[in-house]
Amino acid sequence: MSSTITASGVSITPALIDGYKSSRESRNVVHDILGSNVPAITLRSAGTRTGTLTALFETLAEAKSLEDVLSSADVLQFADTDNDELLMDFVVDGDITVELEDGTRALWLVEFDFQEVA
């Protein structure tokens with residue numbers, strides 16, 4: 001399994017994707033009607049994915065290189081060779097965190113919030 005995060009021709013390949021969590025807002029609207037037990041429903045397609053991704057690196061320099069790419073004002077792409085369904089263009093929407101991994105105290109984690117874009 002190989003995952004890459006790419007922006008402006010720069011590709012970063014973490015040693016491992018240590019965490020991936022996404023959600024999509026349904027965007028359906030339920031209207032309660034006074035005097036009725038049946039609501040009026042407006043159906044809408046779900047929004048794009050939002051979530052958090054965590055990448056594991058063997059060195060701080062590699063982790064900082066991803067932090068630099070994520071900090072740019074750019075649309076990025078996430079791809080995974082084992083899961084084509086995860087392919088997405090995204091922007092960072094929230095925090096970018098770099099931290100020393102607790103278990104080994106030798107590896108580095110980069111965690112960031114994302115918003116998929118069309």
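Two rings of Phe, Tyr or Trp count as a pair here if their centres lie within 6.5 Å. With that cut-off in hand, you can find a cluster in this predicted model: ring pairs link Y20, F78, F90, F112 and F114. We will come back to these rings after a walk through the chain as a whole.

Let's start with the fold. The protein chain contains 9 strands and 1 helix. Reading from the N terminus, you meet the elements in the order β-β-β-β-β-β-α-β-β-β, so the helix comes after six strands and is followed by three more. Contacts across the sequence are well represented: among contacts with a separation of 6 or more, 59% are between residues 24 or more positions apart.

Next, the overall dimensions. The C-alpha trace spans about 65 × 30 × 30 Å along its principal axes. The radius of gyration of the protein chain is 18 Å, while a compact globule of 118 residues would have one near 13 Å. As for the surface, 26% of the 118 residues count as buried. The accessible surface comes to about 7300 Å², and carbon and sulfur atoms hold 49% of that. The chain carries 7 positive and 21 negative charges, and the mean positions of the two sets are 8 Å apart.

Now back to the rings. The structure holds 4 aromatic pairs. One of them joins Y20 and F78, which are stacked with 6.4 Å from centre to centre and 15 degrees between the planes. Y20 sits in strand β3 (residues 16–23) and F78 in strand β7 (residues 76–80), so this pair ties together parts that are 58 residues apart in sequence. What about the exposure of the two partners? Y20 counts as partly exposed, because its relative accessibility is 29% and the buried class ends under 20%. F78, with a relative accessible area of 1%, is buried.

Another of the pairs is made by F90 and F112. Their rings are also stacked, 5.7 Å centre to centre and with 15 degrees between the planes. This pair, too, links distant parts of the chain: F90 belongs to strand β8 (residues 88–100) and F112 to strand β9 (residues 108–117), 22 residues apart. Both partners are buried, F90 with a relative accessible area of 1% and F112 with 0%.

To see this in the structure, begin at Y20 in strand β3, then look for F78, F90, F112 and F114, the other members of the cluster.

Definitions and conventions: Residues numbered from 1 in each chain as written. Predicted model: local features only at pLDDT ≥ 70, side-chain atom pairs only at ≥ 80, totals over all residues. Heavy atoms only, no water. Helix = DSSP H or I, 4+ residues; strand = E, 2+ residues; numbered from the N terminus. Rg over C-alpha atoms; globule rule 2.2 N^0.38 Å. Buried < 20%, exposed > 50% of the residue type's maximum accessible area, 1.4 Å probe, protein only. Contact = heavy atoms within 4.5 Å. Areas by Shrake-Rupley, 256 points an atom, 1.4 Å probe, with all protein chains shown as cover. Lys, Arg positive; Asp, Glu negative; His and termini not counted. Charge placed at Lys NZ, Arg CZ, Asp CG, Glu CD. Phe/Tyr/Trp six-rings, centres within 6.5 Å; stacked < 30°, edge-to-face > 60°.
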